[in-house]
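Work through the exercises below with the model open. Try each task before reading its solution.

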Amino acid sequence: MNSETCVMHSSRYVVGLMSGTSVDGIDAAVVRITDEPDGGVSAELIGFENTPYPAAVRQEIFTLFDPLQATVNKIGSMNVLLGELYAEAALSVITSAGLSPVDIAVIGSHGQTIYHAPESEQLHGYDIHYTVQIGEGSVIAARTGIPCVSDFRPADMAVGGQGAPLVPFTEYLLYREAHRTLLLQNIGGIGNMTVIPAGCSQEQVYAFDTGPGNMIIDGVVERLYPGQLTMDIGGAIARQGTIHEGLLNLLMQEPYYSQPLPKSTGREHFGSSYIDWLLDYTKDQSIKAEDVVATVTKLTAWSIGDAYRRYVRDHHSADALLVGGGGSYNPVLVEFLRQEMEPMGVQVMTQEEVGYSSDAKEAVAFALLADHTLKRQPNNLPNVTGANRPIIMGKISY
């Protein structure tokens, strides 16, 4: 046996926790991370669970998205409550994976974003930009007995970044190829695209939020079908509707789509106030509910195609777009996306079609990010977030 075959690659189990802008629940993943001989890492999904938020908790989280209602006591108590719920989710997925807490090196928790303000504003002579994620890491660590890395975004923002998107760092680690240029499109509440040029270095990766993912679709469905639906399950409503060209053309004028990179957005832009405005317009125009849903579904697909044409195609002609997140389970949205991308020579595939999990992808990412934090290795991409240097993100609770 030669010395090369005797090399043992260090590996460990890590838990990643994610709760996105759609507030559907807690994604929890157990990941085996292995150090590779070339200095990189590989990640194997060992277990995954999604735990929906209790209805009352979900409603209270939505209340916190409104700064006028997000009082200090409400934020503080929800911060601790989410820590408890995240800890339970972590322990549950560890058990289901056939492991125990002593087997886990670290937990990485994104937390629940309740406010994201990436653009600088002047305050007492200082340039201030900020973000707020809740879900107390010290509670997670105390309940599980496992170190927890949480609150990743502020470190990037402290060195000039927007604190988003963060997942492209892990996408580079796991998806890069020598001969194909890949686009990784997450469609959660917000859509975000990562560009991984063929044979690229870490510094050549870039990413940005394309605009609304499921956020507007979910928002109009919840308002148009109150007490019945919170999302368009399987695209069933959109499939029955017809795209209203006048409404679509109006929505396409949104200034965010043409903002220069780097850029990120969130519920502050495409949340309840936006839905109010949109539905007031559709009511005045007597647009049928199913046509509204079809049109905003088309808008999400168009915004992704527009982003590719505007920011990517002339620099890196892509071979494939890999779609993940909840939107990948909406076949109407995916078909609209194929209509956008495939005439430009970009094959559209879901994460499942290439052997990964759409549901688990972001939870896996925060496992990898936490692993880097614990190793004291930088885990942001300055070219993606706009930060002025690499930084180690995340706060460690023991």
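**Exercise 1.** Determine how many residues of helix α12 are buried.

Solution. Take buried as under 20% relative accessible area, exposed as over 50%, and partly exposed as in between (1.4 Å probe, protein chains only). Helix α12 is mostly covered, with 19 of its 23 residues buried. This is a predicted model: local features need pLDDT of at least 70, side-chain atom pairs count only at pLDDT 80 or more, and totals for chains, interfaces and linings use all residues. Residues are numbered from 1 along each chain as its sequence is written, and side-chain values use heavy atoms, leaving out hydrogens and water.

**Exercise 2.** Find which parts the salt bridge between Asp371 and Arg12 ties together.

Solution. A salt bridge puts a side-chain nitrogen of Lys or Arg within 4 Å of a carboxyl oxygen of Asp or Glu. In the Asp371–Arg12 pair, the closest N and O atoms are 2.8 Å apart. Asp371 sits in helix α14 (residues 361-374) and Arg12 in strand β1 (residues 11-19), so the pair ties together parts 359 residues apart in sequence. Helices (H or I, at least four residues) and strands (E, at least two) are DSSP runs, numbered from the N terminus.

**Exercise 3.** Place the salt bridge of Glu171 and Lys361: which helices hold the two residues?

Solution. The N to O distance is 2.3 Å. Glu171 belongs to helix α6 (residues 168-175) and Lys361 to helix α14, so parts 190 residues apart in sequence are tied together. Glu171 is buried at 3% relative accessibility. Lys361 is buried at 8%.

**Exercise 4.** Trace the network that contains Asp371 and Lys375.

Solution. Asp371 also bridges to Lys375, at 3.3 Å between the closest N and O atoms. Asp371 is buried at 4%; Lys375 is partly exposed at 31%. Shared partners join Arg12, Asp35, Asp371 and Lys375 into one network of salt bridges.
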